[in-house]
Amino acid sequence: WAFMELVCRKSVEEASRDPGRAAGLARLAGVVAETVRGPEGWLNRVKGYAAAHNQETAEANRLWLAGSDPDNILGSPLHEA
């Protein structure tokens with residue numbers, strides 16, 4: 001999950017400089033999110049975080065709300081994307 005979060009952050013940084021690279025990084029974050037292991041709620045939250053960076057707003061919200069992050073590790077992706 002930490003690598004997925006890093007890739008999302010890099011995608012945001014690249015958005016104003018190189019939108020194509022930013023989109024590629026966002027897609028990579030989605031692929032990485034699919035490899036994360038853990039409880040279903042956590043996986044939904046991780047996938048929702050990545051989806052927010054892919055501008056998949058409806059899917060991001062669905063997954064984010066279906067997920068859980070009791071330790072608030074990820075924070076909210078909505079203020080970053």
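How many salt bridges does a search of the whole structure find? The search turns up five. The model is a predicted one, and the close-ups below visit some of these pairs along with two helix packings and one leucine.

**View 1. Lys10 and Glu13 pair up through their side chains in a salt bridge.** The N to O separation here is 3.5 Å. Both residues sit in helix 1, which covers residues 2-14. They are three residues apart, or about one turn of the helix. Neither end of the pair is tucked away: Lys10 is partly exposed, at 38% relative accessible area, and Glu13 is partly exposed too, at 37%.

**View 2. Glu14, Arg17 and Arg21 are tied together in a network of salt bridges.** Take Glu14 as the place to start, since both of the pairs shown here involve its side chain. One salt bridge goes to Arg17, with 3.7 Å from N to O. Another goes to Arg21, with 3.9 Å from N to O. Is Glu14 buried or exposed? With a relative accessibility of 17%, Glu14 counts as buried, because the cut-off for that label is under 20%. Its partners come out otherwise: Arg17 is exposed at 58%, while Arg21 is partly exposed at 47%. As a general point, side chains of opposite charge can pair when their charged atoms come close.

**View 3. Helix 2 packs against helix 3, with axes that come within 8 Å.** Helix 2 spans residues 19-33, and its axis crosses that of helix 3 at roughly 170 degrees. That angle is over 145 degrees, so the two helices are roughly antiparallel. The crossing of helix 2 and helix 3 is left-handed. On the helix 2 side, the contact is made by Ala26, Ala29, Gly30 and Ala33. Helix 3 answers with Val46, Lys47, Ala50 and His53. Sorted by type, the residues of this contact are five nonpolar, two polar and one charged.

**View 4. Helix 3 also meets helix 4, and here the axes come within 7 Å.** Helix 3 takes in residues 40-53 and helix 4 residues 57-66. What angle do their axes make where they cross? The crossing is at roughly 155 degrees, so this pair is roughly antiparallel as well. The crossing of helix 3 and helix 4 is left-handed. From helix 3, the residues in the contact are Gly41, Asn44, Arg45, Lys47, Gly48, Tyr49, Ala51 and Ala52. From helix 4 come Ala60, Leu63, Trp64 and Ala66. The tally for this contact is seven nonpolar, three polar and two charged residues. Lys47 is worth picking out by eye, as Lys47 takes part in the contact with helix 2 and also in the one with helix 4.

**View 5. Leu43 is a buried residue of helix 3.** Its relative accessible area is 17%, and that is why Leu43 gets the buried label, which applies under 20%. Which residues does Leu43 touch, leaving out those up to four places away in sequence? They are Val36, Arg37 and Gly38. For a longer reach along the chain, look at Trp1, which is 42 residues away from Leu43 in sequence. The C-alpha atoms of Leu43 and Trp1 are separated by 9.1 Å.

Terms used:
Residues are numbered from 1 along each chain as its sequence is written. This is a predicted model: local features need pLDDT of at least 70, side-chain atom pairs count only at pLDDT 80 or more; totals for chains, interfaces and linings use all residues. Side-chain values use heavy atoms; hydrogens and water are left out. Axes are lines fitted to C-alpha atoms, for helices over the stretch in contact, and angles run from 0 to 180 degrees between N-to-C directions. Angles under 35 degrees count as roughly parallel, over 145 as roughly antiparallel, 65 to 115 as roughly perpendicular and the rest as oblique. A crossing is left-handed if the near helix is turned anticlockwise from the far one by less than a right angle, and right-handed if clockwise. Contact means heavy atoms within 4.5 Å. Ala, Val, Leu, Ile, Met, Phe, Trp, Tyr, Cys and Pro count as nonpolar, Asp, Glu, Lys and Arg as charged, and the others, Gly among them, as polar. A salt bridge is a side-chain nitrogen of Lys or Arg within 4 Å of a carboxyl oxygen of Asp or Glu. Buried means under 20% relative accessible area, exposed over 50%, partly exposed in between (1.4 Å probe, protein chains only).
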